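Student: Before us are a sequence and a structure. Might we work through some local features together?

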Amino acid sequence: MRRLLIFSKSKPCGRRLLFKDLRDYVGYLERNGLIRYVDVELDPVLEIPEFARRVILSRGPTIVFRNIRGFPGWRMISNIFRGLDVFKIIFDVKDLEEVGERVLKLLPERSPESFFDKARLLIDLIRSGRYLPRKTSQADFLKNIVERDGFNKVPIPKIWPKDGGRYITYGILVTKDLYKDVYNLGVYRAQVIDGERAAIHWFIHKRAAHVYKNAKEMNIRKIPAAIVVGTDPATMAVAAMPTPYPIDEYLFTSLLKGEGVELIDLDGVEVPANSEIVFRGYISLDELVDEGPFGDYRGYYDYVNKVPVF
C-alpha cells in the first residue's frame, strides 16, 4: 500500500539573524507595510491564481489569502519575491554582489585552475567551517502528521482552465544523489494525480535529472524524496537558483545565509526543520505518468509529457 506522509506546522517560531522561517518573514513584511491580507472567500481552483496573477502583473505587494474555500484554517501566500530589492532583505545585504562575495571570500587568492577543482575546494572549505548544516530532532510540522491522501488535505491551486490538474508551483523537491552523496533542492512543477501521487516535471539538464540518471545506473528503484512547501525565504530562493552540480545545495544555502541550515531527518531524507508543509515519499524509477497540459509563462500550454512520479 502506498503511504504518503504529510507534515504541517501548528504554530510560529521565534526570530534570529536573517529570517528564521516563512512566518518570521511574513511578520517583517507586515511590520513594514509590504503585505496585504485577503479575507474574501476564494477558491484555490482558478480564483486565487487569477487574483494573484493580477497582483503580480501590477507589481503589487505580497498577498496572503486567509479564507480558502473548502480548506478552513489554511492560508496561501503569493508574490513572496516581488522584486530584486527583496533579495537584499532576505540575504541581509546592501548590494546583491555581496552575496557572491561571501563565496569568493572562502577561496584562496590563487584559485585552482579548473571549475571542478574550485567546486571541490569550496565544498571542503564549507564542510570544515561553520557552514555545515546542523541536525535537529525537533520541528513544528511533526505535530501534525497525515498518513494518507495527503495531497487532498491541503489547498493546491489549479492555475489555468485547461491545465491537466492542480499544481504545486513552488514546492521544493528534496532528493539525495546517492552517487555523489549530495542533496539537491529544486523547484519543479508537481501536478497532483490523486491524494497519494504527483507527476514531477524537470528538464534533462536539471540537477534532479542527474539524481534520477545516477539512481538508474546504480539499479536503485526508489529515490527517497520530499516536497517542501514553505520554508525560510533564503532556502526557497536557493532552491530556484542554478547551483553548480555537484555542490550540496544545503551547504550552498548555509554559505549564502552565513550559518548552517537546520535539518531534520525523515527516514533517510533531510528537510529544513522550519518547513511549513512536508510531503514525504519517493520518486519511482519503475513508472512514468502523464503530466500536463500546463499553462506556461511563455503564453501557451505545454504538451502532455511522460514524467517520473512522486
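Tutor: The following exchange concerns a loop, a helix and a buried arginine in this predicted model.

Student: Which residue has its backbone nitrogen 2.8 Å from a polar atom of the side chain of D43?

Tutor: D43 is found in the loop between β2 (35-38) and α2 (47-57). Leaving aside residues up to four places away in sequence, D43 touches I48, P49 and R69. The backbone nitrogen that lies 2.8 Å from a polar atom of the D43 side chain is that of V45.

Student: Over what arc around the axis do the buried residues of α2 lie?

Tutor: The buried residues in α2 are I48, P49, A52 and V55. They are on the same side of α2, because the arc they cover around the axis is only 125°.

Student: Against which strands do the buried residues of α2 pack?

Tutor: On the other side of α2, R54 and L57 are exposed. The buried residues of the helix, by contrast, pack against β3 (62-65) and β4 (76-78).

Student: Is R197 buried or exposed?

Tutor: R197 lies in the loop between β10 (189-192) and β11 (198-201). Its relative accessibility is 17%, and the cut-off for burial is under 20%. R197 therefore counts as buried.

Student: Which residue has a side chain joined to that of R197 by a polar contact of 3.1 Å?

Tutor: The C-alpha atom of R197 is separated by 6.7 Å from that of V309, a residue 112 residues apart along the chain. The polar contact of 3.1 Å, however, joins the side chain of R197 to that of E287.

Definitions and conventions
Residues are numbered from 1 along each chain as its sequence is written. This is a predicted model: local features need pLDDT of at least 70, side-chain atom pairs count only at pLDDT 80 or more; totals for chains, interfaces and linings use all residues. Side-chain values use heavy atoms; hydrogens and water are left out. Helices (H or I, at least four residues) and strands (E, at least two) are DSSP runs, numbered from the N terminus. A polar contact is a pair of N or O atoms within 3.5 Å; within protein, one must be able to donate a hydrogen and the other to accept it, and residues adjacent in sequence count only if both atoms are side-chain atoms. Contact means heavy atoms within 4.5 Å. Buried means under 20% relative accessible area, exposed over 50%, partly exposed in between (1.4 Å probe, protein chains only). The arc is that of the directions from the helix axis to the C-beta atoms.
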